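Hi everyone, thanks for making time for this. I'd like to walk you through a structure, so have a look at it while I talk.

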Amino acid sequence: MATVLVVDDDSGVSRAFGLFLEKEGHRALVASSAEEGLELAERERPEAVFMDVRLPGMSGLEALSRMRELLPDSPVVVMTGHGTLSTAVEAVRKGAFDYLPKPLSLEVARTALGRALSRGASRAALEGARRELADFPPEALLVGRSAAMQELYRQIAAAAAADATVILVGESGTGKELAARAVHLHSARSSGPFVAVSCAGLPEALLETELFGHARGAFTGAVTSRVGRAEAADGGTLFLDEIGEMSPAMQAKLLRFLEAHAFERVGESQPRLSDVRVVSATHRDLAALVAAGRFREDLFYRLDVLRIGLPPLRERKEDIPLLVAHFLSAGDPARPTEISREALAALEAHDWPGNVRELKNCLERAAALAGPGGAIGPEHLPGHLAGATGTGGLPGSIAALVRRLVRERVAAGKAGAAGPGGEPLAELARLVERAAIAEALAVTGGNQVRAAGVLGLHRSTLRKKIEEYGLDAGRSQGAPQP
Ligand SMILES: Nc1ncnc2c1ncn2[C@@H]1O[C@H](COP(=O)(O)OP(=O)(O)OP(=O)(O)O)[C@@H](O)[C@H]1O
Ligand SMILES: [Mg+2]
C-alpha cells in the first residue's frame with residue numbers, strides 16, 4: 001500500500017481518481033490547488049503524485065519543481081487536458097516522471113501508477129552501486145571493482161607504460177577492445193591515432209588492402225590510391241582484433257611488419273614505414289592454433305609479448321550491480337532507469353556466457369520494455385533469466401493466476417487427463433497474450449505500429465491477433481470466448 005497524492009481542481013477528476021486508488025489498495029490524498037498539494041506533500045510525504053497542469057493560482061508546472069525538491073524520491077506524474085508539445089517538454093525538463101493526457105482511462109492510470117510506484121521502490125536496489133560508480137570518471141572505459149578487475153587495471157597500466165606489443169585474450173564480450181583502447185589512452189602514444197582492424201570476416205585480399213592500402217590502378221576498380229590502417233596508425237596504436245582468424249599469407253606479411261615496421265601498399269614495390277604499437281586480441285587459444293599448424297609460431301611469439309587476460313563475467317559477479325548502474329545511467333544520467341531487487345538478483349544469478357556484452361544487450365532491451373525512466377522488473381528480462389524457479393520470476397498477479405489455474409485443475413482431479421475444458425496452458429497463454437496486446441494498445445494510444453514494436457511482433461501479426469481477441473477499437477472488451 002502506498003500513499004498517493006492527487007492534485008486537481010476538478011473535483012470530479014480527483015474524486016474518481018481517489019476512488020480508483022483506494023480500490024487498488026492505496027491511500028489517496030486529494031488537493032484542489034498546487035498550494036494545498038505542496039502543503040500535503042510536505043506533511044504526508046506521498047510515494048507518488050499525480051498533478052494537473054491548469055490549476056487556480058500557482059500552475060502545476062510551477063509547482064512541479066517545488067514538489068521535486070520536497071519529494072526527491074517520489075515520481076510526479078503530470079496530467080493535462082490542454083497539452084501542447086511545449087507543455088510536455090517543459091514538464092519533462094522540470095523532472096516530471098510521466099506526462100498523461102486527460103481524460104485518463106483507467107487502464108492508462110493503472111499503468112502509470114504501477115510504473116511510478118515500482119520505480120520508487122526500485123530506487124534503493126542500485127543505491128550502493130551508484131555511489132561506487134561515482135568513483136569512475138565518465139572517461140573511464142572499464143567499470144568493475146572485483147579483485148580480477150583490479151588485477152586487470154594493474155596489467156593495463158604496466159602495458160601502457162611500456163611500448164611493447166600487447167595481446168589481449170579472453171572470451172567474447174569480456175572487454176578486449178575496451179582494454180585495447182585503455183592501453184592506448186594511458187600510453188605515451190595517446191595523442192596519436194588508435195586504429196582498429198578486424199581480421200575476421202574479410203577475404204584475404206580485402207584485408208590486405210585494408211591493412212596496408214593500395215596504389216592507384218593496383219586492381220580493377222582501384223581508381224584512387226588508398227592509405228591502409230597500418231599507415232593511418234603511424235605514431236599511435238594499431239589494434240588487430242580476432243587475430244586468430246588471419247590467413248597464412250597475411251600472417252607472413254604481418255610478421256614482416258612487426259619485425260621491420262615495413263610494408264608495401266598493394267601494387268607498389270617501394271616499402272613504407274609506419275611507427276605503431278600493435279595490440280592484438282583473440283578469443284581463441286592461439287597456442288592450440290600453433291600446435292594445430294594453423295598459426296605461425298614465429299608470429300605467435302612476436303605478438304605474445306605482454307599478455308593480458310580478460311576475466312569472464314561469471315568469475316566476477318560482484319561487479320554486476322556496478323555494471324548495471326553503469327549501463328542504466330548511460331541513456332539519461334539525469335533520470336536513469338531503475339531496477340527491482342528481484343530483477344537484479346536474477347542478473348546476479350545468471351552465468352553470462354556472452355559476458356559483459358550479453359549483460360549490456362539484456363539491459364538495453366529491458367530498459368526499452370520498461371520505458372523511459374521506468375523500472376526494470378523480472379518480467380522485462382528474458383525468460384531463461386527470470387523464470388528459473390517456477391512462478392518465482394513472474395509478477396504477482398500473473399504468478400497468482402498460474403498457481404490458481406494449476407491448483408484448480410489438480411483439485412478437480414484433472415491431473416493426467418486432458419478432459420473437456422480444453423488445454424489450460426494454451427488458455428493461460430491466450431489470456432496473457434490478450435492482456436499484453438490490450439496493454440500495449442492502451443499505452444500507445446491505439447497506435448498499432450508502436451504497439452507492434454513494443455511487443456516485438458510484426459504489424460500484420462498484431463492486426464490478426466487484435467481481430468482474434470476482439471480488441472478492435474470500440475468493440476467488445478469482454479473476456480475472449482473459448
Ligand atoms: N568492464 C567493462 N566496463 C564497462 N563496459 C564493458 C566492460 N567490459 C565490456 N564492456 C562493454 O561490453 C561490450 C563488449 O566489449 P568488447 O567489445 O570490448 O568485448 P570483446 O572482448 O572485444 O568481445 P569480442 O571478442 O566478442 O569482440 C562493449 O559494449 C563494452 O563497452
Ligand atoms: Mg571485440
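I'll go through the sheets, then the aromatic rings, then the salt bridges, and finish with a bit of the surface.

Before anything else: what you're looking at is a predicted model.

Okay, sheets. Let's begin with the one that has strand 1 in it. This is an open sheet of five strands, paired in parallel, and the order across it is 2-1-3-4-5. So which strands sit at the edges? Those are strand 2, residues 27-31, and strand 5, residues 98-101, and each of them pairs on one side only. On average, neighbouring strands here are turned by 20° against each other, if you ignore direction. Zoom in on strand 1, residues 3-7: it runs parallel to strand 2, and five bridges join the two. If you want one partner pair to look for, leucine 5 has leucine 29 in strand 2 as its bridge partner.

Now for the other sheet. This is an open sheet of five strands with parallel pairing too, and its order reads 7-10-13-6-14. At the edges you'll find strand 7 and strand 14, the latter being residues 306-309, and each pairs on one side only. Neighbouring strands in this sheet are turned by 20° on average, again with direction ignored. Strand 7 pairs with strand 10, residues 237-241, in the parallel sense over five bridges. Here the residues to click on are alanine 196 and, opposite it in strand 10, phenylalanine 239.

On to the rings. A quick reminder: we describe a pair of aromatic rings by how far apart the centres are and by the angle between the planes. How many aromatic pairs does the structure hold? Seven. One to look at is phenylalanine 212 with phenylalanine 257, an edge-to-face pair with 5.8 Å centre to centre and 65° between the planes. This pair links distant parts of the chain: phenylalanine 212 is in helix 9, residues 204-212, while phenylalanine 257 is in helix 11, residues 248-260, and they're 45 residues apart. Are these two buried or exposed? Phenylalanine 212 has a relative accessible area of 3%, so it's buried, and phenylalanine 257 is buried as well, at 1%.

Phenylalanine 257 also pairs with phenylalanine 263: the ring centres are 5.9 Å apart and the planes are at 80°, so that pair is edge-to-face. Both of those residues, phenylalanine 257 and phenylalanine 263, are buried. Elsewhere, Phe17, Phe20 and Phe50 are linked into a cluster by ring pairs.

Next up, charges. In general, side chains of opposite charge can pair when their charged atoms come close. This structure holds 30 salt bridges, and I'll just pick out a few.

Take aspartate 163 and arginine 189: their side chains meet in a salt bridge at 2.9 Å, N to O. Aspartate 163 lies in the loop between helix 7 and strand 6, and arginine 189 in the loop between helix 8 and strand 7, so this bridge ties together parts that are 26 residues apart in sequence. The two partners get different labels: aspartate 163 is partly exposed at 48% relative accessible area, whereas arginine 189 is buried at 10%.

Then there's arginine 265 with glutamate 231, where the closest N and O atoms are 3.1 Å apart. Arginine 265 is in the loop between strand 11 and strand 12, glutamate 231 is in helix 10, and the two are 34 residues apart. Arginine 265 is buried at 9% relative accessibility, and glutamate 231 is buried at 18%. What do they belong to? They're part of one network, in which salt bridges with shared partners join Glu231, Arg265, Glu268 and Arg272. One more for your list: aspartate 319 and arginine 316 form a salt bridge at 2.8 Å, N to O, and both are buried.

Last bit, the surface. Leu141, Leu178 and Leu185 form a nonpolar patch there, with about 210 Å² of accessible area together. Leucine 185 is in helix 8, residues 176-185, and at 43% relative accessibility it counts as partly exposed. In the loop between helix 8 and strand 7 you'll find alanine 188, which is exposed, at 80%. Alanine 188 and alanine 162 are 26 residues apart in sequence, and their C-alpha atoms are 8.7 Å apart in space.

That's my tour, thanks for listening!

Notes
Residues numbered from 1 in each chain as written. Chains lettered and ligands numbered in written order. Predicted model: local features only at pLDDT ≥ 70, side-chain atom pairs only at ≥ 80, totals over all residues. Heavy atoms only, no water. Patch = residues over 30% accessible without salt bridge, like charges linked within 9 Å, V, L, I, M, F, W, Y side chains within 5 Å. Areas by Shrake-Rupley, 256 points an atom, 1.4 Å probe, with all protein chains shown as cover. Salt bridge = Lys/Arg side-chain N within 4 Å of Asp/Glu carboxyl O. Helix = DSSP H or I, 4+ residues; strand = E, 2+ residues; numbered from the N terminus. Buried < 20%, exposed > 50% of the residue type's maximum accessible area, 1.4 Å probe, protein only. Phe/Tyr/Trp six-rings, centres within 6.5 Å; stacked < 30°, edge-to-face > 60°. Pairing = 2+ DSSP bridges. Axes fitted to C-alpha atoms, helices over the stretch in contact; angles between N-to-C directions.
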